[in-house]
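Reader: I should like to learn how to read the features of a structure. May we begin with confidence and then turn to exposure and pockets?

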Amino acid sequence: MSLKLKHFLLGAAATALLAGQALAEKVIIGHFGNPTPMQLLSTSDELAQATGWEIEWRKFDAGTDVIAAMASGDVVLSELGSSPIAIGTSAGLEIELIAYSDVIGKAESLIAREGSGIASVADLKGKTVGVPIGSTAHYSLMGALQHEGLAETDVNIVGMKPDDIAAAWGQGTIDAAWIWQPVQSEILKTGTLVVGADQTAEWGFPTYDGWVVSKSFAEANPDKIVAFLKAVDKVNGMYLANPAAWTADSAEVKALAAATGADPAQVPGILEGFTFLPMAEQIGEAWLGGAAPKIKTTADFLVKAGRIEAALDDYSAFVNPTYAAAAAQ
């Protein structure tokens, strides 16, 4: 184990032993199970010590499930994709985008089955494509179809959860899928990557996973939200300092694999499919400073696509960069 990771995992354990027996607040943090640097936070007590929370890490298959959990009040802090953020806020869900977990590249891609005759987005006409409805992958798929001049009705789009996509692929009932890891790696064994979310972003349909929080919870716990973002920034910084060092045999990758069930050999490639932003960069106009208009653009697209009934005039109330700004100091 590297000294850096060992130091991180040990954290302030000695301090915790002296902290008394006060009952911690139970907080469920939602995530999508990707083997990204933030998963290191689930492998130690450092975040619990920094926040005083008793933390449960809950994996979700899709953003629509996160929206339901946050609407119920069961989950107050979670990863949520850019398309579901537009869906939830348009419906009045009282959440705030406070930071970016990652910017999605080839980590979400269109995979075509061998022998399907699909070599480009245009070849999807008349084909059956599996995708989690309402997800960032679905948004990328719709954007790709629009870019190629295809209507959704030109393609048989089937809404599926990731595990269902893997099963359908094995049964041969779908020709292609737009999906993320680890299902992506599984179906690539008998498929070909056609286009990734990095390309659809260049076509005008960028996607990301953001950190969202219940407004009322954040207002009641501002210092703890800042501590959370500091911890996220720390582990992302560990990766950004030397991505090449995160090999399959590294302690960091082994920890991510153990936390998520991913194959260590695949983790370095998965990491390359995302872009991780330092908190100091996130607070600029290119990101949190300009997030509200981008949510509006996504919502307007979803209205035209018939996925939501109406978009709001302004999404500024659903973006709060102050916690990230404090964490960046």
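**Confidence, exposure and a pocket**

Author: pLDDT is the predictor's confidence in each residue, from 0 to 100. Among the elements of the chain, helix α16 (residues 322-328) has the highest mean pLDDT, 97, and helix α2 (residues 13-17) the lowest, 36. Helices (H or I, at least four residues) and strands (E, at least two) are DSSP runs, numbered from the N terminus. This is a predicted model, in which local features need pLDDT of at least 70 and side-chain atom pairs count only at pLDDT 80 or more, while totals for chains, interfaces and linings use all residues. Residues are numbered from 1 along each chain as its sequence is written, and side-chain values use heavy atoms, with hydrogens and water left out.

Reader: What is the mean pLDDT of the chain?

Author: The mean is 90, and 93% of the residues reach 70 or more.

Reader: Is Gly 261 buried or exposed?

Author: Buried means under 20% relative accessible area, exposed over 50%, and partly exposed in between (1.4 Å probe, protein chains only). Gly 261 counts as exposed because its relative accessibility is 67%. Gly 261 lies in the loop between α12 (251-260) and α13 (267-272).

Reader: How far apart are Gly 261 and Glu 94 in space?

Author: From C-alpha to C-alpha they are 32 Å apart, with their positions 167 residues apart in sequence counted as separation.Reader: Over which residues does pLDDT stay under 50?

Author: Residues 9-22, with eight contacts (heavy atoms within 4.5 Å) beyond four places in sequence.
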